[in-house]
Amino acid sequence: MTDNASTILEKLVGMSRRIGDPSRDLVILGDGNTSARIDSDTFWVKASGAMLEGISADGFTEVRFAPILDILKRPPSDDDDMKRLLSAARVDPEGRHPSIETVFHALALTECGAKYVAHTHPIALNSILCSRNAREALSGHLFSETALYLGPEPIIIDYADPGLPIARSLLGEIRAYIARWGQAPRVFYLLNHGMVALGQSAQEAENITAMAVKSARILLGTYALGGPNFISENDVMRIINRPDEEFRRKLANAV
Ligand SMILES: [Zn+2]
């Protein structure tokens, strides 16, 4: 049985509250945003100005994919126009205004086939994403679980203005990634900004976030002893293609 809009919202609220827990160091204040696909026409996304900590159902707004994705084809003339276009995508015209990051959520939920998306600014990961050598530090896998849960590699994009510029950078990278790997990415790293976890379930988006943060903490530790010693590409592919590992991943993600 597929979940209906209110069940999806309930799961989204639960995930958002857990990642918004201040003790996890993933977001503070109004940082981050989350979303979930309802069906092929609409999705829930965090409302502009809402905080993930303690968020409830009224912190989300339902928007239509088509007008959001149209923004990529017909860019707004200025910030006010962008806000107007985002607001026009609301299913309920009286509903709350969607987050400025709604466009990249729409891409994650369509181009990448994700069902739940979690965007956070984790302190441990941002210590790397805000470093000069971030790309080099993130160019391999330190242990097998990152390959298993995060996929063969992340998409990494340079800093871009929140809103449409981030979504524009991501679109080309997503298509190149799918062409290269034959599968959708599970994580985006936004340099000088944060991460985006793409899950088939709310649990998966949360697991990807937790695994990326664990890896970031270990990665930072490796620089005290000569830098990261990545596992080989063969070992990465072996983990990704092992049926027992895939079974373990699906069980943990409750997909
Ligand atoms: Zn952000």
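What radius of gyration would a compact globule with 255 residues have, and what value does the protein chain have? A compact globule of that length would have a radius of gyration near 18 Å, and the protein chain, at 18 Å, agrees with this expectation. The model is a predicted one, and its protein chain holds 11 helices and seven strands. The points below go from the overall dimensions to the sheet, then to strand S6 and the core, and finally to a loop with unusual backbone angles.

**Overall dimensions and contacts**

- Along its principal axes, the C-alpha trace of the protein chain spans about 55 × 40 × 40 Å, and 40% of the 255 residues count as buried.
- Among the contacts in the protein chain with a separation of 6 or more, 71% come from residues that are 24 or more positions apart.

**The sheet**

- Seven strands make up an open sheet with mixed pairing, and their order is S3-S2-S1-S4-S7-S6-S5; the edges are formed by strand S3 (60–64) and by S5, each of which pairs on one side only.
- From one strand to the next, the twist averages 15°.
- Strands of a sheet pair through backbone hydrogen bonds, and the pairing can be either parallel or antiparallel.
- Strand S1 (residues 33–37) and strand S2 (residues 42–46) run antiparallel and are joined by three bridges, with Arg 37 standing opposite Phe 43 in S2.
- Helix H2 (residues 65–73) lies across S2 and S3, and it runs at about 75° to S3; helix H8 also packs on the sheet, where it touches S5 and S6, and its direction makes about 145° with that of S5.

**Strand S6 and its two partners**

- Strand S6 (residues 187–190) is covered on both faces, since Val 187 and Tyr 189 on one side and Phe 188 and Leu 190 on the other are all buried.
- On one flank, S6 runs parallel to strand S5 (residues 155–157), to which three bridges join it, and in this pairing Ile 156 stands opposite Tyr 189.
- The connection from S5 to S6 passes through helix H8 (residues 164–181), and this β-α-β crossover is right-handed.
- With strand S7 (residues 194–199), S6 pairs in the antiparallel sense over four bridges, and here Val 187 stands opposite Ala 197.
- S6 and S7 form a hairpin with three residues between them, and in the turn Asn 192 has a positive phi of about 55°.

**The nonpolar core around Val 187**

- In soluble globular proteins, nonpolar side chains tend to be buried together.
- In this model the largest nonpolar core has 62 residues, and those with the most contacts inside it are Val 117 and Val 187; helix H9 (residues 202–222) contributes the largest share of this core, namely seven residues.
- When neighbours within four places in sequence are left aside, the contacts of Val 187 include Leu 150, Gly 151 and Pro 154, as well as Met 195, Val 196, Ala 197 and Leu 198 in another stretch of the chain, and also Ile 208 and Ala 212.

**Pro 154, a contact of Val 187**

- Pro 154 is placed in the loop between helix H7 (144–150) and S5, and it counts as buried because 20 other C-beta atoms lie within 10 Å, where 20 or more are required.
- Leaving aside neighbours within four places in sequence, Pro 154 is in contact with Leu 138 and Pro 185, and also with Val 187, Phe 188 and Tyr 189.
- Pro 154 and Glu 204 are 50 residues apart along the chain, and their C-alpha atoms are separated by 15 Å.

**Positive phi in the loop before S1**

- Most residues other than glycine have a negative phi.
- Asp 25, although not a glycine, has a positive phi of about 60°, and Leu 29, which is not a glycine either, has a positive phi of about 50°.
- Asp 25 lies in the loop between helix H1 (5–19) and S1, and the place of Leu 29 is likewise in the loop between H1 and S1.
- Are these residues buried or exposed? Asp 25 is partly exposed, with 15 other C-beta atoms within 10 Å, whereas Leu 29 is exposed, because the 10 other C-beta atoms within 10 Å satisfy the limit of 12 or fewer.

Notes
Residues numbered from 1 in each chain as written. Predicted model: local features only at pLDDT ≥ 70, side-chain atom pairs only at ≥ 80, totals over all residues. Helix = DSSP H or I, 4+ residues; strand = E, 2+ residues; numbered from the N terminus. Pairing = 2+ DSSP bridges. Right-handed = clockwise from strand over helix to strand, strands pointing away. Axes fitted to C-alpha atoms, helices over the stretch in contact; angles between N-to-C directions. Contact = placed C-beta atoms within 7 Å. Core = buried A, V, L, I, M, F, W, Y, C linked by C-beta atoms within 7 Å. Rg over C-alpha atoms; globule rule 2.2 N^0.38 Å.
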